[in-house]
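Hi everyone, thanks for coming. Let me put today's structure up on the screen, and then we'll walk through a few spots together.

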Amino acid sequence: MAAAPPTRPALRARYDKRQLEVIEVAARVFAERGYHATSVSDLTEATGLTAGGLYHYIGSKEELLARICDALMQPLLDRAREIVATDAGPEEQLRTLLRTWVEHITIYRHHMLVFAQERHVIEHEPHWRAVRRQRKEFQELLDGLLERLEAAGEVRFGDRGVALMALLGMVNYTPQWLRPRGRLGADELADGYLDLLLGRQAA
């Protein structure tokens, strides 16, 4: 277990900031080298911490992996809840959510790669239940938007469940081929995915 964080606000803010930095660096190292191939020495070298300093912020490699998953999913889920709570129509909400989702992936590309490569490490751990709940809620929010699109007569899916899985697959696979400073930005990629989903020709 990591050390208990400080209780004084200024110290806690500094602790939280450094902990996030450790998580971000670890995500990059795990993505590049693989979780099992990464040693504690690799992590201390990358973060500039001693082994004791590393465990002060993160109690173990397994906990570090779990926190990478948390940092990936929770902010996106929070934003998705906000988007579907607006008064915008279903297509506008879906476009906004897709743009937010793809931008999130570009920011957390290493986290996404680690999640895809190493999720089996924690799938049977208690922590995975929280990750599974987050993923389930996000999928339900997406499915609700697709259902509203159909109800509004804006699209007709042969099978909405298949359309949902196809959308999840398209977007979640993006980190495998996405490169920084590529030809298309996050919004352009998101709009392209939406055009494919709705069977439209890109403008």
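I'll talk about a cavity, and then about two residues. Keep in mind that this is a predicted model.

Okay, the cavity. How many cavities of 30 Å³ or more does the structure hold? Just one. About 40 Å³ of space lies inside that largest cavity.

So who lines the largest cavity? Here's the list: Val 40, Leu 43, Leu 54, Tyr 55, Ile 58, Ser 60, Lys 61 and Leu 64. Sort the lining residues by type and you get six nonpolar, one polar and one charged. Three helices, helix 2 (40-47), helix 3 (51-57) and helix 4 (61-84), each give at least two residues to that lining.

Next up, Pro 6. Find the segment before helix 1 (9-33), and that's where Pro 6 sits. Is Pro 6 buried or exposed? Somewhere in between: Pro 6 counts as partly exposed because its relative accessible area is 26%, and that falls between the 20% and 50% cut-offs. If we skip the neighbours within four places in sequence, Pro 6 touches Leu 11, Arg 12 and Tyr 15. Thr 38 is 32 residues away along the chain from Pro 6, and their C-alpha atoms are separated by 29 Å.

Last one, Gly 153. Look in the loop between helix 7 (128-151) and helix 8 (160-177). Gly 153 has a relative accessible area of 63%, so we call it exposed, the cut-off being over 50%. From Gly 153 to Arg 200 you count 47 residues in sequence, and the C-alpha to C-alpha distance is 15 Å.

That's my tour, thanks for listening!

Definitions and conventions:
Residues numbered from 1 in each chain as written. Predicted model: local features only at pLDDT ≥ 70, side-chain atom pairs only at ≥ 80, totals over all residues. Heavy atoms only, no water. Helix = DSSP H or I, 4+ residues; strand = E, 2+ residues; numbered from the N terminus. Buried < 20%, exposed > 50% of the residue type's maximum accessible area, 1.4 Å probe, protein only. Contact = heavy atoms within 4.5 Å. 1 Å grid on protein atoms, 1.4 Å probe; cavity = no way out; pocket = protein on both sides within 12 Å on 5 of 7 lines; lining within 4 Å. Points joined across faces, edges and corners; volume = space filled by probe spheres on them. Nonpolar A, V, L, I, M, F, W, Y, C, P; charged D, E, K, R; others polar.
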